[in-house]
Amino acid sequence: MAPGKKGILERLNAGEVVIGDGGFVFALEKRGYVKAGPWTPEASVTHPEAVRQLHREFLRAGSNVMQTFTFYASDDKLENRGQNLRLSGAQINEAACDLAREVASEGDAMVAGGVCQTPSYLSCKSEIEVKAIFKKQLEVFMKKNVDFLIAEYFEHVEEAEWAVQVLKTSGKPVAVSLCIGPEGDMHGVSPGECAVRLVKAGAQIVGVNCHFDPMTCVKTVKMMKEGVEKARLKAHYMVQPLAYHTPDCNCQGFIDLPEFPFALEPRILTRWDIHTYAKVAYKAGIRFIGGCCGFEPYHIRAIAEELGPERGIMPPASEKHGMWGAGLEMHTKPWVRARARRDYWENLSPASGRPTCPSMSTPEAWGVTKGHADLLQHKEATSTQEMKHVLEMQKMWPSAQL
């Protein structure tokens with residue numbers, strides 16, 4: 001930790017709001033640096049300038065956490081289904097730590113080393129094998145002396161427990177977030193029970209990220225908080241949701257939506273939606289508030305602006321953004337100037353611009369999770385036979401008729 005900077009637990013114990021960053025894999029995929037499908041973070045090595053710039057934009061928007069771009073950077077994921085990067089997880093993780101630290105030093109930000117779910121767990125590898133993957137990643141984070149650790153994007157609480165148990169050996173603060181909704185993890189473990197198990201495993205910060213929209217995620221974290229308090233345990237809480245509206249999702253979240261991942265734009269939250277989210281999350285007692293897939297810097301800026309009074313500071317990016325559209329007072333067109341007010345944007349119901357666009361989709365609830373033959377991972381590229389099988393499966397769902 002740089003001299004004079006407070007740590008994550010010091011901030012949360014003092015009741016401060018910690019603002020996370022946004023969704024790196026989705027943001028960088030749109031910019032041409034990440035491949036959809038594997039979603040791996042080799043850009044930290046191959047295009048460091050792109051990763052560095054995105055970190056800077058989130059920092060300028062108000063982020064207090066520079067999370068290392070190490071999502072899916074375990075060796076088993078980097079060589080999964082025909083992936084041939086010729087880069088090791090250690091190489092990517094080291095580069096990601098350096099970039100995060102470089103940008104964090106430019107402002108009041110901490111560096112968080114991140115691990116996530118593994119193909120090995122989904123393929124039913126043993127606890128020893130899965131923990132070995134986390135240990136290998138942790139070695140890099142310890143070498144680079146990150147400020148704290150995040151275990152994120154876990155569909156199964158059991159694997160998240162294993163991750164926490166490994167990360168806890170570092171002696172650094174550990175946060176953990178599951179990609180679950182109110183129905184619980186993929187084996188039906190409730191949010192409250194998940195949170196209790198994770199706190200008992202050693203996590204000081206628990207919550208959810210990804211897979212669901214902000215209000216669903218806040219609801220889920222509230223259920224976690226209730227479970228922890230009922231068990232007479234203590235924890236801090238975090239939430240980093242999607243920037244997409246997902247009222248039609250089932251327990252698997254947005255990856256079951258037929259629009260995933262290339263047609264989600266009609267669902268994107270406005271900055272004004274994010275103001276509401278930040279307010280609701282804060283009132284729920286959540287103090288680590290950020291975003292995941294779909295969150296761009298302007299969304300993070302909206303969190304920082306909404307909670308500006310509570311934090312006593314506004315982000316540098318607000319220099320170019322009048323609160324509630326105040327900058328529109330300078331517009332040449334009078335009808336646009338008339339929109340420079342809070343009540344206009346708070347009460348607007350945005351149109352999609354698509355006359356035949358349905359308001360809801362039907363999720364493709366295949367019911368496939370850990371232990372299912374279709375989730376067994378391998379190094380070889382997906383075969384023609386495998387593709388034929390999944391296409392036959394897909395024909396059973398209404399979205400196949402679109």
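# Three cysteines and the helices around them

In this predicted model, Cys292 makes contact with Gly22, Gly23, Asn209, Cys210, Gln240 and Pro241, leaving out residues up to four places away in sequence. Cys292 sits in the loop that joins β8 (288-289) to α13 (297-306). Its relative accessible area is 12%, and because buried means under 20%, Cys292 counts as buried.

One of the contacts of Cys292 is Cys210, and the two residues also appear together in an annotation. An unreviewed UniProt entry lists Cys210, Cys292 and Cys293 under "binding site". These three residues are spread over 84 residues of sequence, yet they cluster in space, with a largest C-alpha distance of 6.3 Å.

Cys210 is in another loop, between β6 (205-209) and α11 (214-230). With a relative accessible area of 2%, Cys210 is buried. Beyond four places in sequence, Cys210 touches Tyr153, Cys179, Cys217, Gln240, Pro241, Leu242, Phe254, Cys292 and Cys293. Gln240 and Pro241 are thus among the contacts of Cys210, and they are also among those of Cys292.

The same UniProt entry type, unreviewed, places the feature "domain: Hcy-binding" at residues 6-307. Over residues 6-307 the chain is 45% helix and 12% strand. The C-alpha atoms at the two ends of this stretch are 19 Å apart.

The loop of Cys292 leads to α13, and this helix packs against α4 (residues 48-61). Two packed helices are described by the angle between their axes and the distance between the axes. For α4 and α13, the axes come within 8 Å and cross at roughly 20 degrees. Angles under 35 degrees count as roughly parallel, and α4 and α13 are therefore roughly parallel to each other. The crossing of α4 past α13 is right-handed. On the α4 side, the residues in the contact are Leu54, Glu57, Phe58 and Ala61, and they meet Pro297, Ile300, Arg301 and Ala304 of α13. By class, this contact of α4 with α13 holds six nonpolar residues, no polar ones and two charged ones. An α-helix has 3.6 residues a turn, so residues three or four places apart point the same way.

Helix α4 has a further role in the packing around α2 (residues 24-31). The buried residues of α2 are Phe24, Val25, Phe26, Ala27 and Leu28, and what covers them includes α4. After α2 comes Gly32, which has a positive phi near 95 degrees.

The loop of Cys210 leads in turn to α11, which packs with α12 (residues 271-283). Here the axes are 10 Å apart and the angle is about 5 degrees. That angle makes α11 roughly parallel to α12. Pro214, Met215 and Val218 of α11 meet Thr276, Tyr277, Val280 and Ala281 of α12. The contact of α11 with α12 has six nonpolar residues, one polar residue and no charged residues.

Some points of backbone geometry remain. Most residues other than glycine have a negative phi, and most peptide bonds are trans. An exception among the peptide bonds runs from Phe260 to Pro261, which is cis with omega near -5 degrees. Pro261 lies in the loop between β7 (236-240) and α12.

Cys124 is a residue other than glycine with a positive phi, near 65 degrees. Cys124 is in the loop between α7 (119-122) and α8 (127-143), and at 42% relative accessibility it counts as partly exposed. Trp324, also not a glycine, has a positive phi of about 55 degrees. Trp324 lies in the loop between α14 (308-311) and α15 (334-337), and its relative accessibility of 9% puts it in the buried class.

A last residue is Gln165, in helix α9 (residues 157-168). At 32% relative accessibility, Gln165 is partly exposed. Outside its neighbours within four places in sequence, Gln165 is in contact with Glu127, Lys131 and Ala201. Its C-alpha atom is separated by 36 Å from that of Gly32, a residue 133 places away along the chain.

Terms used. Residues are numbered from 1 along each chain as its sequence is written. This is a predicted model: local features need pLDDT of at least 70, side-chain atom pairs count only at pLDDT 80 or more; totals for chains, interfaces and linings use all residues. Side-chain values use heavy atoms; hydrogens and water are left out. UniProt positions are given in the numbering used here, feature names are shortened, and annotations may be inferred rather than shown by experiment. Helices (H or I, at least four residues) and strands (E, at least two) are DSSP runs, numbered from the N terminus. Buried means under 20% relative accessible area, exposed over 50%, partly exposed in between (1.4 Å probe, protein chains only). Contact means heavy atoms within 4.5 Å. Axes are lines fitted to C-alpha atoms, for helices over the stretch in contact, and angles run from 0 to 180 degrees between N-to-C directions. Angles under 35 degrees count as roughly parallel, over 145 as roughly antiparallel, 65 to 115 as roughly perpendicular and the rest as oblique. A crossing is left-handed if the near helix is turned anticlockwise from the far one by less than a right angle, and right-handed if clockwise. Ala, Val, Leu, Ile, Met, Phe, Trp, Tyr, Cys and Pro count as nonpolar, Asp, Glu, Lys and Arg as charged, and the others, Gly among them, as polar.
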